[in-house]
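Hi everyone, and thanks for making the time. I'd like to walk you through a structure that may be new to you, so please have a look at the screen.

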Amino acid sequence: MKHKIKYVCSNCGFESLKWLGKCPTCDNWNTFTEEFVEEKKKAQKRKFVEPELAKISSQMNELETRIKTNIEEFDRVLGGGLVTGSVVLIGGDPGIGKSTLVLQAAQKISKDVMYVTGEESVNQINIRARRLGVNSEKISVMTETDLDLIINAIEKYNPQVVIIDSIQTTYKPDLDNTAGTVTQIRECTSELMQTAKKKDCAILIVGHVTKEGMIAGPKVLEHIVDTVLQFEGERNYSYRILRAQKNRFGSTNEIGIFEMREDGLHEVVNPSIIFLSERDKQITGSVVTASIEGTRPILLEVQALVTPSSYGNPQRVATGFDYRRLSILLAVLEKRASLRLSSQNVFLNMAGGLRIDEPAVDLAVCCAIASSFSDKIIKNDFVLIGEVGLGGEVRNVSHIEKRIQEAIKLGFKKIVIPKNSSGNFKLQNAIELITTENIKETLNIVLRN
Ligand SMILES: Nc1ncnc2c1ncn2[C@@H]1O[C@H](COP(=O)(O)OP(=O)(O)OP(=O)(O)O)[C@@H](O)[C@H]1O
Ligand SMILES: [Mg+2]
């Protein structure tokens, strides 16, 4: 039988009859892959049964039940644990530690866990389990890629938690397409979703991320699953961050921080200490700021290096910070603080491999740049908190008290905050709280010494 061919965008699932270089819906390049058009099965006469309707109030007695992974960082990102009957997708770059995370969670979950792997043999799993100290009677391992057999096993053994590692290797045999295609991923995921609902178990699906930093078919899967988590980290750092991109049962602001060691992932309970640990004592272009990730304050070092540019266009490089935001702040510094930065190369780095999108770090970014540019040190007992507006004004930020408390806890003595910060701060005598109205005033304070 000859198959018809269609082209599917591996990012958003858009289908086309001819190959396209750029997807017209999600604007990504080179995402089209060839897939077979699934043959329509002959329509059978369907018998309709009376549909069942329920009232919202009548379901109130079945309150959501959560299964704790007992890894605090993981539970926090999930919003308090895995909700039974839900499907969670964990995406991440190859080798980032997805299998490690789910295996460690399997060990700590106090329910029956079925670990289905299509990527590794039982022996390979055992080697990893031994390294991680995972040794539990409650975990059963299955090496299988055929979805029908996996669902059969779930129905037979009734595990409360199922882990599928990974969705790209799982396939439904009655589809013509090969494993990993958008059609297969979509069909397998929605079937798993139905199984989770029917058996009232929680299913964790591991998904690989394409080189563009997306889970293959993310847009397609995002709608189907309840929760999408992203496990990320810089290759050169041992820190790993778990973020929620979508969560039907919790906030998407929370992050979980882990450290990858030989014996597996360790929770980082006090991230500030780690992100500040490699801070060199007194150098120009280095300042500390307090950012809020989820509900937790994290102190981190902002580093800037400003050098004269000898040819044409000066370079601007931002690591862990939005490039456009950096351009705006440079323009503000030029106009409002009279720093001649247009002929300077500017390199900005959030130390420790963190990525910060919060405007509350603006003030620190500006001061780090000004410090490097003017070759003046900002004393290392300063913490700078504030958003910088286009007029050079320093604006109020949220959770100012939490940030101040964290700075005090870590022994900082001088805390610079926006002038109109609201809140009552309980301060010890030794702490100097400095309020500032605009960037020029701030630079005068911090660069004075
Ligand atoms: N002996 C070891 N000592 C320290 N770290 C190790 C050791 N073995 C593995 N690792 C870490 O574990 C990571 C691999 O973890 P894991 O297999 O869980 O990743 P993954 O995201 O599931 O990868 P894949 O995409 O291949 O499935 C490695 O990149 C490495 O950082
Ligand atoms: Mg893996």
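**A first tour of the model**

Let's begin with the domains. The centres of domain 2 and domain 3, taken over C-alpha atoms, are 37 Å apart. Where they touch, domain 2 supplies eight residues and domain 3 supplies six. On the domain 2 side of that contact, four residues are nonpolar, two are polar and two are charged.

Before going further, please keep in mind that this is a predicted model. So where are those domains in the chain? The domain assignment places domain 1 at 5-36, domain 2 at 65-269 and domain 3 at 273-446.

Now the overall picture. The protein has 449 residues, and 41% of them count as buried. Its secondary structure comprises 11 helices and 23 strands. Taken along the principal axes, the C-alpha atoms fill a box of roughly 80 × 50 × 50 Å. If you take contacts between residues at least 6 apart in sequence, 68% of them join residues at least 24 apart.

Let's move on to the ligand. Which residues come nearest to ligand 1? There are 13 residues around ligand 1, and Gly95, Lys98, Ser99, Thr100 and Glu262 come nearest. The shell around ligand 1 is made up of three nonpolar, six polar and four charged residues. Helix α2, residues 98-108, contributes the most to that shell, with three residues.

Let's stay with α2 for a moment. How many of the residues of α2 are buried? It is 10 of 11, so you can think of this helix as mostly covered. The buried residues include Lys98, Ser99 and Thr100, and they carry on through Leu101, Val102, Leu103, Gln104, Ala105, Ala106 and Gln107. Recall that Lys98, Ser99 and Thr100 are also among the residues that come nearest to ligand 1.

For another helix, please look at α11, residues 439-446. Here the buried residues are Ile439, Thr442, Leu443 and Val446. Seen down the axis of α11, these buried residues fall within an arc of 100 degrees, so they line one face of the helix. The background is simple: an α-helix has 3.6 residues a turn, so residues three or four places apart point the same way.

Next, the nonpolar cores. The largest has 64 residues, and Ile163, Ile203 and Ile205 touch the most other members. That core draws at least three residues from each of domain 1 and domain 2. If you zoom in on Ile203, leaving aside residues up to four places away in sequence, you'll find that Ile203 touches Val87, Val162, Ile164, Leu192 and Ala196. There is also a second, separate core of 52 residues, and its members include Ala337, Leu348, Val388 and Leu443. We met Leu443 a moment ago as one of the buried residues of α11.

Now for some backbone details. As a reminder, most residues other than glycine have a negative phi, and most peptide bonds are trans. Let's see what happens in the loop between β2 and β3. Asp27 is in this loop, and Asp27 has a positive phi of about 65 degrees although it is not a glycine. Asn30 is found in the loop between β2 and β3 too, and its phi is positive as well, near 55 degrees. Are these residues buried or exposed? Asp27 counts as exposed because it has 10 C-beta neighbours inside 10 Å. Asn30 is exposed with 12 other C-beta atoms within 10 Å.

The loop between β9 and α5 has something for us as well. Ser166 sits in this loop, and the peptide bond from Asp165 to Ser166 is cis, with omega near 0 degrees. Asp174 has its place in the loop between β9 and α5 too. Asp174 counts as exposed, with 10 C-beta neighbours inside 10 Å. The C-alpha atoms of Asp174 and Asp148 are 9.5 Å apart, with their positions 26 residues apart along the chain.

One last stop is Ser121, in the loop between β7 and α3. Ser121 is exposed, with 11 other C-beta atoms within 10 Å. Its C-alpha atom is 9.7 Å from that of Val141, which is 20 residues away along the chain.

That's the tour, and I'm happy to go back to any part of it.

Definitions and conventions
Residues are numbered from 1 along each chain as its sequence is written. Chains are lettered from A and ligands numbered from 1 in the order in which they are written. This is a predicted model: local features need pLDDT of at least 70, side-chain atom pairs count only at pLDDT 80 or more; totals for chains, interfaces and linings use all residues. A residue is near a molecule or strand if its C-beta atom, placed from the backbone, lies within 6 Å of it. Helices (H or I, at least four residues) and strands (E, at least two) are DSSP runs, numbered from the N terminus. Ala, Val, Leu, Ile, Met, Phe, Trp, Tyr, Cys and Pro count as nonpolar, Asp, Glu, Lys and Arg as charged, and the others, Gly among them, as polar. Domain bounds come from an automatic or database domain assignment. Two residues are in contact if their C-beta atoms, placed from the backbone, lie within 7 Å. A residue is buried if 20 or more other C-beta atoms lie within 10 Å of its own, exposed if 12 or fewer, and partly exposed in between; C-beta atoms are placed from the backbone. The arc is that of the directions from the helix axis to the C-beta atoms. A nonpolar core is a set of buried Ala, Val, Leu, Ile, Met, Phe, Trp, Tyr and Cys residues joined through C-beta atoms within 7 Å.
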